[in-house]
Amino acid sequence: SEHRRLWPAMRDAARRLERDIPGLGVAVAAEAEGGVHEGGSWVYSSDARAVASAADGGICKSGTITLESALLGMPMVVAYRVHPWTATLARKLLRVDHVGLVNLIADRPVVPELLQDAVTPTALADAVRPLLDASAPPARAQRAAFEALRGQLGEPGASARVAELALGMAA
């Protein structure tokens, strides 16, 4: 259901960016959906870390990939859409200001989060566009925050520490 709810907007945002930015390459960290894209060749890989390592910026679904991408230094936008009933229940039960792991750990909005009805091709493309230029202030600010995050997580064993932080924030 994640794929059904997120992929069309992400795909169309990438198509929009590809149309607007000459020479833009698109890599998708997922199994191929139809192989070659009509506007040019897209690279599909099941290795999300390899894609994040090579990318100038990205659109990520909320989850561990956001933290992995941050630690690899990839500026990003977080997108997440769940069933409306699930969203209503989550709003009533959860006491957090953010859904992305990077923002949860930093306890501030480091990466833009587009949730539910805000997940549109236009909004995603507009949010990620300034991150694709490594010298632009939004991309530099995210990378600096990612360095601070890396220091905050410390030595190996970060997964266990992140899980503890997330559980403490959800309580």
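1. Start with Gln116. At 16% relative accessibility, Gln116 counts as buried, because the cut-off for buried is under 20%. Gln116 sits in the loop between S5 and helix H6 (121–128). Its phi is near 50°, a positive value in a residue other than glycine. Note that this is a predicted model.

2. A second residue to check for its backbone is Asp107. Asp107 is not a glycine, yet has a positive phi of about 60°. The loop between helix H5 (101–106) and strand S5 (113–115) holds Asp107. Is Asp107 buried or exposed? At 57% relative accessibility, Asp107 counts as exposed, because exposed means over 50%.

3. Now the largest pocket. It encloses about 860 Å³ of space. Its lining is made of 36 residues. Closest to the centre are Ala27, Val28, Ala29, Gly58 and Ile59. By class, 25 lining residues are nonpolar, five are polar and six are charged.

4. Which elements supply at least two residues each to that lining? They are helix H1 (2–20), strand S1 (27–29), helix H2 (48–54), strand S3 (58–61) and helix H3 (64–71). H1 gives the largest share, nine residues.

5. Look at Ala27, one of the residues closest to the pocket centre. Ala27 belongs to strand S1. Its relative accessibility is 44%, so Ala27 counts as partly exposed. Leaving aside neighbours within four places in sequence, Ala27 is in contact with Val43 and Val51. Ala27 and Ala48 are 21 residues apart in sequence. In space, their C-alpha atoms are 9.7 Å apart.

6. Ile59 is also among the residues closest to the pocket centre. Which residue of S4 stands opposite Ile59? The partner is Val77. The two strands, S3 and S4, pair in the parallel sense over four bridges. Strand S4 (residues 76–80) is mostly covered, with four of its five residues buried.

7. Turn to Ser69 in helix H3. With a relative accessibility of 1%, Ser69 counts as buried. Neighbours within four places in sequence aside, what is Ser69 in contact with? The contacts are Ala52, Cys60, Met74 and Met76.

8. Aromatic rings come next. A pair of aromatic rings is described by the distance of the centres and the angle of the planes. A search of the whole structure finds two aromatic pairs. Trp7 and Trp42 form an edge-to-face pair, 6.4 Å centre to centre with 85° between the planes. Why does this pair tie together parts that are 35 residues apart in sequence? Trp7 lies in helix H1, whereas Trp42 lies in the loop between S1 and strand S2 (43–45).

9. Both tryptophans of that pair are covered. Trp7 is buried at 12% relative accessibility. Trp42 is buried too, with a relative accessible area of 7%. Trp42 also pairs with Tyr44: the ring centres are 6.4 Å apart and the planes stand at 35°, so this pair is tilted. Tyr44 is buried, as is Trp42. Ring pairs thus link Trp7, Trp42 and Tyr44 into a cluster.

10. To retrace the main points on screen, begin with the pocket and H1, which supplies nine of its lining residues. Then find Trp7 in H1 and follow the ring pairs to Trp42 and Tyr44. Next, view S3 beside S4, paired in the parallel sense. Finish at the two positive phi values, at Asp107 and at Gln116.

Methods: Residues numbered from 1 in each chain as written. Predicted model: local features only at pLDDT ≥ 70, side-chain atom pairs only at ≥ 80, totals over all residues. Heavy atoms only, no water. 1 Å grid on protein atoms, 1.4 Å probe; cavity = no way out; pocket = protein on both sides within 12 Å on 5 of 7 lines; lining within 4 Å. Points joined across faces, edges and corners; volume = space filled by probe spheres on them. Nonpolar A, V, L, I, M, F, W, Y, C, P; charged D, E, K, R; others polar. Phe/Tyr/Trp six-rings, centres within 6.5 Å; stacked < 30°, edge-to-face > 60°. Buried < 20%, exposed > 50% of the residue type's maximum accessible area, 1.4 Å probe, protein only. Contact = heavy atoms within 4.5 Å. Pairing = 2+ DSSP bridges.
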